[in-house]
Amino acid sequence: MILTQKYPFINAIRSALESIYLVPIMFLIGSICWWFSLSLVSVAVFAGVAVLIFLFCKNVNNFFALLFYVSFFIKNIYVGNTNWIGYIVSIAIAVVFIFAFAIKMIIVEKISLKDSKMAIAIILSSVAFLLGGVIGRFDILVFAITLGLSLATFVIYLIARHRTCELTKYFAKLFMIGGVFLIINILAHRLSLTGSIFIGKPQGELFFFSSQTLNTAAIYIMLAIGGCYFFGAGKKWDVLWFLLSVFFYGAVILTSCRAAILVASLVIIAIFVLFIVQSKRRLNFLWLTLALALCLGVVLIVFRGQVGKLIAMIGEKLNSGLNGRDELWPWCIEMFKKYPVFGFGFVADEPVPSLSHNTTVALAHNTPLQWLTSLGIIGTLVMCYFYFVKYKIVFKGASLNKCFLIISILAIELIGMFDQTPSMDIFMYILAVVLIACCERPKKQYKMVKTYKKAVWKTPLHMHK
């Protein structure tokens, strides 16, 4: 990080890179690139800004916006002529700066790993991942990729733990901003392809509207519901904040993703109760409930045709049963029986049953079954320790102020019972780890960081060690 009092221009750049307003600007650029199919430009711009953040900033919060949302501004990488070389070069440059930043943080600034309660659990889980399929299924390329992703997870966790400012509040904002952009892009995409925002079962380009699936987008939109709770609970305008959360909930329903709709329903009920508990004007929520019921009735009458199609589509998806999992899960169980000790690993020799694009990656669509299949008994036991430490951190000192993090982490975990994203999507997996890092940060550390943020440009670097 470049830190100096001599160059006001550099300090101005740093201030811009640390501002929350950088997030909507980057997401707007990403959306434009997505709309005009300029995926490589999107990746290059996001990677370039990430490099600048690690060069100039002490507070690197905005790196997480780039990391967790860049995949939504890339067209489906499984179709078309994907420029893999351009992607690899752009990402590799950003990765070099991330690891350089981490090395400096560990060696030069000498951060204490004793303050990182999740560190040992992440290291042990990484060992479990590396040993997955080691007996009879070892593949040097898969091992190398797993090692790289494991190192990245550990490094990003340390950065989140030691080089961020008010990260919980930041993520509450990020989820809402990101949710708005995802909703706009999804609806714009539907209008351009079908002429309507109400569609049947999303398939093809409607499902893979980016390099991520609609299921993953639904999870990120769902997390925005918790963001509304974080900023609105106990405040003067709490009713309006809850109304905004209802907007995000409605957007989740429009995605037609069953698991996300179910979990989002639980989330909206939970925060509704919490809003009322913390409200100083509880009667307002009664009037809001009546108003929402009235609006729902009007919508059902005015848009009865579209609503009928939406309900029929959801009913069709519910009646479709396990949607291929009845073929996938027995296959996973069979692979576990064949390789019970260290598991089958993460990649098969042939396409895995019922998965799209003839993928060979073992995506169990159920977190416990995923670990049993890929890691075997030994790896699953290690992951049990990982989750024990995780939830010990999450629920220690649980309070209303911590509910946003608890709700977000539990929602992601519940999604994992029927979806592969929480366990096998590297972005979502790291996101959960970073949210745990938010749970670790004590209040006194927030105060220290706030003081630093106000004084950082007035004092030399050695005074902030």
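**Helix H15, Ser265 and the cysteines**

Colleague: How far apart are the end C-alpha atoms of helix H15?

Modeller: Only 21 Å, although H15 (residues 367–395) has 29 residues and a straight helix would reach 42 Å at 1.5 Å a residue. That expected span is 1.5 Å times one less than the number of residues. Helices here are DSSP runs of H or I, at least four residues, numbered from the N terminus. This is a predicted model, where local features need pLDDT of at least 70, side-chain atom pairs need 80 or more, and totals for chains, interfaces and linings use all residues. Residues are numbered from 1 along each chain as its sequence is written, and side-chain values use heavy atoms, without hydrogens and water.

Colleague: Where is the kink in H15 centred?

Modeller: On Leu375, with a kink of about 125 degrees. The bend is the angle between axes fitted to the seven residues ending at a residue and the seven starting there.

Colleague: And what comes just after H15?

Modeller: Gly397, which takes a positive phi of about 70 degrees.

Colleague: New topic. Which helix holds Ser265?

Modeller: Ser265 is in H11 (residues 258–278). Its C-alpha is 9.3 Å from that of Ile253, twelve residues apart in sequence.

Colleague: How many disulfides are there?

Modeller: Zero. A disulfide here is a pair of cysteine sulfur atoms within 2.5 Å.

Colleague: Why does Cys332 have no bond to Cys384?

Modeller: Because the sulfur of Cys384, the closest cysteine sulfur to that of Cys332, is 17 Å away, too far for a bond. Cys332 is also buried (under 20% relative accessible area, 1.4 Å probe, protein chains only), at 1%.

Conventions
Helices (H or I, at least four residues) and strands (E, at least two) are DSSP runs, numbered from the N terminus. Buried means under 20% relative accessible area, exposed over 50%, partly exposed in between (1.4 Å probe, protein chains only).
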